[in-house]
Amino acid sequence: MSLENESRRRFMKGALTSIPAVTLGSGVSLTAPADEPPEQLSDYQPAFFDADEWAFLLAACDRLIPSDGDGPGALETNVPIFIDRQMEGSFGHAADWYMKGPFPDDVSPLMGYQSPMLPREVYRAGIAATRDYCVREYGEEFTALESTVQDEVLEKLEQQEITFENVSALHFFAFLLQNTKEGYFADPIHGGNKHMAAWQFIGFPGARGAYLEWVDQHNTKYPLGPVSLTGERG
Amino acid sequence: MAKTNPPVDVVLVGLGWTNSIMGMELTDAGLNVLALERGDDRDTVPDFAYPKMADELTYGVRYKLMQRPAKSTLTIRHGVGDMAVPYRSLGSFLPGDGVGGAGVHWNGHTWRPQPQELRLRSYIEENWGADIIPDDMTIQDYGVSYDELEPFFDYFEKVAGISGKAGNLNGEIQEGGNPFEGWRSSEYPMPPLARTYNDALFADMARDQGLHPFPLPAANASEAYTNPYGMQLGPCNFCGFCERYGCLNYSKSSPQTCILGALKRRNNFAYRANSEVLRVELDSDGKRATGVTYIDADGNEVFQPADLVILGAYSLHNVHLMLLSGIGTPYDPESGEGVVGKNYAYQMNGGSTLFFKDKEFNPFIGAGANGEIVNDFGVEQIDFGQEGFIGGSYINAAMTNGQPIRNMPLPAGAPAWGRGWKQAVQASYGHTMTIGSHGSNMAYRDCYLDLDPNYTDDHGRPLMRMTFDWKPNDVRMTQFMKQKIDTLSKALGPDDYRLSFKDFDSRYDVRPYQTTHNVGGAIMGTDPSTSALNRYLQSWDVHNVFVMGASAFPQNLQYNPTGLVGALAYWSAKAIREQYLPNPGPLVQA
Ligand SMILES: Cc1cc2nc3c(=O)[nH]c(=O)nc-3n(C[C@H](O)[C@H](O)[C@H](O)COP(=O)(O)OP(=O)(O)OC[C@H]3O[C@@H](n4cnc5c(N)ncnc54)[C@H](O)[C@@H]3O)c2cc1C
Ligand code: SF4
């Protein structure tokens with residue numbers, strides 16, 4: 001046999017035999033220093049969104065997961081930074097999705113996403129259309145509206161009480177809400193969930209991944225704070 | 001002009017669970033075996049190493065280990081009159097990709113069918129008469145019996161290293177196991193996993209209700225274990241990143257942890273990753289396969305000659321390859337004739353989410369297959385004539401994969417965003433458990449697979465088209481389970497609970513994840529006019545093509561498929577070794 005993965009296989013075999021199975025992954029040894037401190041939202045230069053779009057995104061995220069009440073909000077946790085990065089990555093480009101036509105109209109929503117627009121295009125068009133709507137309807141930009149009115153606009157998007165010409169309000173709102181929650185709860189390595197504040201809030205220990213001695217400690221709250229993929233501890 | 005490789009005895013298409021088994025068996029028989037796997041090469045180290053697996057966004061939400069629809073997908077429609085549209089982004093099911101296949105990122109719930117599930121039509125006819133079978137229900141017998149398969153279930157469980165408690169040892173009912181299971185010749189290779197809080201609550205309550213709870217059979221090792229191939233598993237540490245992730249701990253049974261390490265050491269075995277098979281080539285009369293054509297890692301089209309072709313590309317891809325290659329007659333739902341694509345079926349599930357203000361479940365502490373089950377409403381326990389449906393379910397309380405993006409159930413009426421959402425998240429996370437039903441799905445005349453007329457892949461091949469919807473029989477089954485689960489939920493005394501079950505107006509929804517238990521389309525049986533494969537998984541039409549996987553199921557079981565899929569692979573391998581190799585040709589005369 002002289003196949004292309006021969007040398008890799010030999011390498012892998014070596015790697016396997018040198019690591020005793022039981023020590024791997026058990027007991028988190030996160031001694032590595034944490035990565036760079038997270039960015040400041042106020043200093044961040046978005047790669048995808050322009051200044052007006054960015055202002056909209058911040059205002060909208062602030063309503064979807066506000067800061068008041070218990071637990072951090074989307075802005076303290078850098079959710080907009082997460083979304084900006086997603087727009088530039090494979091999610092924004094629908095790189096993993098089948099995006100060939102035809103794209104028939106009137107497909108049942110049960111059949112999933114059926115639009116030719118990339119998520120980043122939906123954001124761009126959705127933000128522009130929502131801003132226009134606010135100026136038309138209320139005489140002001142979304143960012144200048146009272147928070148109760150902002151909530152009303154978001155609700156109308158969610159309930160499909162607003163429709164736009166060139167983008168589905170439903171898709172726009174669905175992506176925005178999904179990505180906001182992802183940014184809140186994903187590992188900080190992706191740009192949001194700054195200092196794992198969302199994990200601390202709900203009691204999720206993040207990347208610890210080793211709990212054998214805890215399985216039969218029934219009805220007892222797990223006491224340790226979270227760790228992140230880069231070794232930050234909360 | 002395609003390049004031609006030197007011939008091999010056997011080419012394996014795909015390198016997941018089934019073809020890892022085939023690789024072992026056919027190299028044992030002294031054959032020269034080559035596996036072609038379309039996806040990346042993967043192994044525990046470096047691909048699943050800690051900490052990178054503990055990344056919910058990348059693996060749990062963006063499906064990094066799964067098939068990318070951009071490269072491979074199908075189209076879906078509800079009925080024969082509809083235009084099918086592509087399954088553009090993953091949702092309802094998540095086919096695997098890469099060495100190990102879906103066996104890398106499954107949960108490891110490992111079941112045997114109940115014996116009568118393998119002869120469902122005969123069982124019904126004997127007990128209630130054929131009249132209770134609805135006209136459009138095309139269920140069949142498998143053509144192989146539980147007793148014949150028992151040694152192969154047993155061996156697969158030893159290879160995979162299953163943790164569980166037997167309920168029926170050689171006909172003797174065992175305390176603490178499933179009293180409704182078929183007989184087993186030996187105890188599980190490992191004892192059950194340690195029990196989580198939800199398991200204990202459910203087990204106590206179920207016993208009080210007169211039911212028979214037992215631990216879910218798990219392909220997650222409960223202790224250190226060495227399998228018959230000398231492969232070693234270490235005890236699962238309940239890492240909480242199991243389904244959709246590779247195991248960082250050598251604890252989840254997978255082709256990698258249980259077979260491939262041993263297989264790769266054999267010098268009559270070789271594999272090539274990033275090698276996608278486009279079609280099986282047939283000789284001029286279409287009765288023998290000459291090999292397969294694939295695209296190699298550099299993008300070249302290559303012909304690989306082989307004496308034996310084993311499709312182990314996952315159920316859906318097996319059927320697609322058969323349709324593209326002209327192996328067997330495509331099924332026609334109008335006439336009911338033809339066999340390839342016939343009887344596609346899925347899984348009918350439902351569940352209840354229970355909220356307890358004052359209980360701590362720590363949902364991130366969970367093995368892939370930790371859970372407590374009752375099988376008192378299984379296929380064999382239900383009087384189909386009396387209840388008015390055919391089928392059954394197991395009921396499970398499982399605590400697994402409690403990651404916050406994808407596992408954040410909230411009570412009915414909780415807001416989806418805003419301050420109220422935050423409050424609901426705080427109140428619910430960690431204080432929730434579930435009771436689910438995992439049920440059978442029958443086969444129907446108009447639920448099937450064929451080639452799509454409108455959409456193609458990057459190679460210009462037509463996508464496969466799935467026509468599927470829920471049917472009243474199966475909705476009646478799940479509504480029956482709803483009543484049972486409602487009672488069990490109340491009995492646990494939660495502050496609140498929420499039921500979610502299909503109803504008579506439910507249509508198949510491709511968006512939420514349900515299961516990757518797509519079955520049928522290349523079904524096994526005893527008659528070439530009603531099945532694509534004979535009882536040894538051999539194509540009736542092209543005798544040197546054998547087709548592994550759940551595509552062989554004539555209708556779906558109440559259980560997760562892989563226990564039967566693994567056993568059938570060993571059963572088929574034995575027939576190839578003992579009957580086919582000495583005398584190549586059809587193993588069953590049509
Ligand atoms: C998220 C998830 C959870 C699951 N949980 C459970 C569970 O708890 N219990 C259970 O019983 N089952 C479970 N399953 C199902 C289980 O994984 C499958 O039953 C099992 O892996 C099937 O084995 P297979 O060999 O048929 O296919 P796979 O293991 O999927 O392997 C098929 C391989 O073929 C390759 N392939 C496909 N097409 C081609 C081609 N044209 N050329 C070359 N290679 C190709 C694929 O890339 C893949 O690697 C789960 C599946 C998923 C996705
Ligand atoms: S839960 Fe157990 S078996 Fe599953 S990935 Fe984690 S350590 Fe492995």
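## Exercises: a covered helix and a wrapped ligand

In α6(A), the buried residues are Ala169(A), Phe172(A), Phe173(A), Phe175(A), Leu176(A), Leu177(A), Asn179(A), Thr180(A), Glu182(A), Gly183(A), Tyr184(A) and Phe185(A). Keep in mind that this model is predicted.

**Exercise 1.** Find how many residues of α6(A) are buried, and compare the reach of the helix with its expected span.

*Solution.*
- Step 1: Locate the helix. α6 of chain A runs over residues 169-185, which is 17 residues.
- Step 2: Apply the cut-off. A residue is buried when its relative accessible area is under 20%. In α6(A), 12 of the 17 residues pass, and the helix is mostly covered.
- Step 3: Check the reach. From the first C-alpha to the last, α6 of chain A reaches 24 Å, close to the 24 Å expected at 1.5 Å a residue.

**Exercise 2.** Describe the surroundings of ligand 1: which residues are closest, and which classes make up the shell?

*Solution.*
- Step 1: Look around the ligand. Ligand 1 is surrounded by 37 residues, and the closest are Thr18(B), Glu37(B), Gly98(B), His109(B) and Thr562(B).
- Step 2: Sort the shell by class. There are 20 polar, 12 nonpolar and 5 charged residues.

**Exercise 3.** Work out what lies opposite the oxygen and nitrogen atoms of ligand 1, then find how much of the ligand is covered.

*Solution.*
- Step 1: Start with oxygen. One oxygen atom of ligand 1 lies 2.7 Å from a polar side-chain atom of Thr18(B). A polar backbone atom of Gly108(B) is 3.1 Å from an oxygen atom of the ligand.
- Step 2: Turn to nitrogen. The side chain of Thr562(B) has an N or O atom 2.8 Å from a nitrogen atom of ligand 1.
- Step 3: Add the cover. On its own, ligand 1 has 990 Å² of accessible area, and the protein covers 98% of this.

Definitions and conventions: Residues numbered from 1 in each chain as written. Chains lettered and ligands numbered in written order. Predicted model: local features only at pLDDT ≥ 70, side-chain atom pairs only at ≥ 80, totals over all residues. Heavy atoms only, no water. Helix = DSSP H or I, 4+ residues; strand = E, 2+ residues; numbered from the N terminus. Expected span 1.5 Å × (residues − 1). Buried < 20%, exposed > 50% of the residue type's maximum accessible area, 1.4 Å probe, protein only. Near = heavy atom within 4 Å. Polar contact = N/O pair within 3.5 Å; in protein donor to acceptor, adjacent residues only side chain to side chain. Areas by Shrake-Rupley, 256 points an atom, 1.4 Å probe, with all protein chains shown as cover. Nonpolar A, V, L, I, M, F, W, Y, C, P; charged D, E, K, R; others polar.
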